[in-house]
Structure formats: C-alpha cells, structure tokens
Amino acid sequence: MRTAAAALAALSFVGVAALAGCGGGSGDGVSRNAAAASSSPPSPSLSASSSPSPSPSPSSSGWDPRPGSVAAVGDSITRGFDACSVLADCPEVSWATGSDAGVRSLAVRLLGPSKAADRSWNHAVSGARMVQLPEQMARAAKERPELVTVMMGANDACRDSVRLMTPVADFRASFEASMRQLRAGAPKAQVYVSSVPDLKRLWSTGRVNETSKKVWSLGICRSMLADADDLGPAAVARRDAVQDRVVAYNEVLRDVCAQDRHCRYDGGAVFGFRFTGAQLSAWDWFHPSRDGQARLAEIAYRNITAAEPPA
C-alpha cells in the first residue's frame, strides 16, 4: 500500500486541505508514544475532558475495564499512516496510543494524557501482515502491559491480486502463534482484538470521488480497489473474493480470541463501522483520517470498558 510514492505525492494536493497539528511520521518500526498532545480541538462527538472517564468494575468474567498500561500491535492503521501527511506514519494520532487531543486515543481515555505518555507503547508496523504479528507480540510482551490491542489483517487481503491473499489457515496459524508469544512473556495481559475493516465498503465509499480513483490506480489495495469503476462480472467476483476473505479472517480472530480467557474480540464493530469520506485519509482515501482514528478509539473504549464483551 506504499508504492508509487512520487506519483501519490504529486496528486496529494488535488482538492485536499492539509491536516493541521501533525508533523511527519517516523516511518516503519517501533515507536514509543511520547509525542506532545496536539492543540487541535476535540471532535464534536467526543468529550473534551482530558481525564479518563468512569468505567464499571471488573466483570463477572474477570475482565478489568481499567487497565493501567496499553501496548498496541498491528499495521499502518495503528501507526496513523497518511492521517497527517502523505506517505508517512503519524503515531501521535493513533487510535490506540496517540497523544493527539482531537483523537483522544484509547490510552488517553483509559489512563489520561500524562500516564498514557509513560504507560503506552506502539509496536505496530506499517505494511505488516499477520505473519509478522508474533514478532510484534513478543516485543509487546516485554513491556508487561495490562492491555494489548490488536488490529491486523487488512494487508493480508490487500494484495496485488486475489491469488496473493494470505490463506485463511496461515492467517490462523500466525494469530495462534502470536497469542502464544504474548502468553510466554505476559501471561495475564488482557487482549483487545479489532475486526478487520470492511474493505468493500471502503471501495463503495471512495469510488464516487475522482481523486480517490486516481490515487487508487497507483497501486493501493489492488485486490479490492483496482479498476474501481469496473462493474463487470470478473471485477465483481474479485471484490467478492476479497470480502469473503476478510469475513473469514474475522471469524479466525473471533474464534482464536474466544479460546483465551483474557481476550476480548470487538464483535465485528470495526468491520461494521461505516467510514465516511471525512473519516478517510485525504491523501489515499483508504487509511483512516484523524477523525476516523477518533472513531476507532471510541469503538475500542466502549468495548473494553463494557461490563460484558460484545455479542
């Protein structure tokens, strides 16, 4: 999803206003979330309070809705890729561990800004697929976090062709290995697993915009987004195959998570969320914008602090 960089940069000015408050990202790799909070105002639907919100007591299952530290693993979504500037990570707006005041990340909501800066870690890597999650989990376990967030799988479906998508059995094996890696170093850490976003809905949302189609033509998620206006049988079958694979990935995430008493799946909440144009990156019309990151934070906070897991 990071090819054709020069061409994408050239197109990025078309009908796009730069998002304020974010500097360039740090690129792929591991980054401690210690950036200063942005001065941007909170989104209207978010509380302006900078302190953690009240939450219920531990549920009957033993789930603690108020963990004292957060480690994030995943891919470019958790790195805030293309949310602040073109072709760059922006971890300060990450839904999981970011410091941006307008996003109010999960870590900020749970811990407050000052504690989140010291007690949250972002181990996600842009471009990562599920086969790379065990390594990320091993790094996260070294932090001994009370909560680990997982958002992974979009890159397994977003390949240059349907044939190259990660087989479901391999996806399962890698996620199971990831959970074993975490348990080896952090046996009691809680795990929040996000569903893979609905890529077909992203195609449907963005295809009405001419700029998005120009950007997508440079190579973003070809399995789903290539030839965005083609509604012929072959193109429809290709998109349906990607959709089916994402659904299968989410079933794996749900099933593997259910086998671990300290794991909570989002019940398909992210897959079911209807991203609008305002919640997609103005540079690629695919990754979440700052507003989209805030929605992901809202979903995660709601599910993590609920007395019982989503149905």
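This report looks at helix H7 and at the aromatic pairs in the structure. Keep in mind that the model is predicted.

Let's start with the helix. H7 runs over residues 168–185, so count 18 residues in all, and from its first C-alpha to its last it reaches 26 Å, close to the 26 Å expected at 1.5 Å a residue. Quite a few of its residues are tucked away: Phe171, Ser174, Phe175, Ala177, Ser178, Met179, Leu182, Arg183 and Gly185 are buried.

What covers those buried residues of H7? The cover includes three helices you can look up, H5 (133–142), H6 (154–157) and H11 (233–258). It also includes strands E4 (147–151), E5 (190–193) and E6 (263–265).

Now for the rings. The structure holds two aromatic pairs, and here they are:

| Pair | Arrangement | Centre to centre | Between the planes |
|---|---|---|---|
| Phe171 and Tyr249 | stacked | 4.1 Å | 10° |
| Phe273 and Phe275 | edge-to-face | 4.9 Å | 85° |

The stacked pair brings us back to the helix. Phe171 sits in H7 while Tyr249 belongs to H11, so this pair ties together parts that are 78 residues apart in sequence. Both Phe171 and Tyr249 are buried.

And the edge-to-face pair: is each of its rings buried or partly exposed? Phe275 has 8% relative accessibility, and because buried means under 20%, Phe275 counts as buried. Phe273 has a relative accessible area of 22%, so Phe273 is partly exposed.

Definitions and conventions:
Residues are numbered from 1 along each chain as its sequence is written. This is a predicted model: local features need pLDDT of at least 70, side-chain atom pairs count only at pLDDT 80 or more; totals for chains, interfaces and linings use all residues. Side-chain values use heavy atoms; hydrogens and water are left out. Helices (H or I, at least four residues) and strands (E, at least two) are DSSP runs, numbered from the N terminus. Buried means under 20% relative accessible area, exposed over 50%, partly exposed in between (1.4 Å probe, protein chains only). Contact means heavy atoms within 4.5 Å. Rings of Phe, Tyr and Trp (its six-membered ring) pair if their centres lie within 6.5 Å; planes under 30 degrees apart count as stacked, over 60 as edge-to-face and the rest as tilted.
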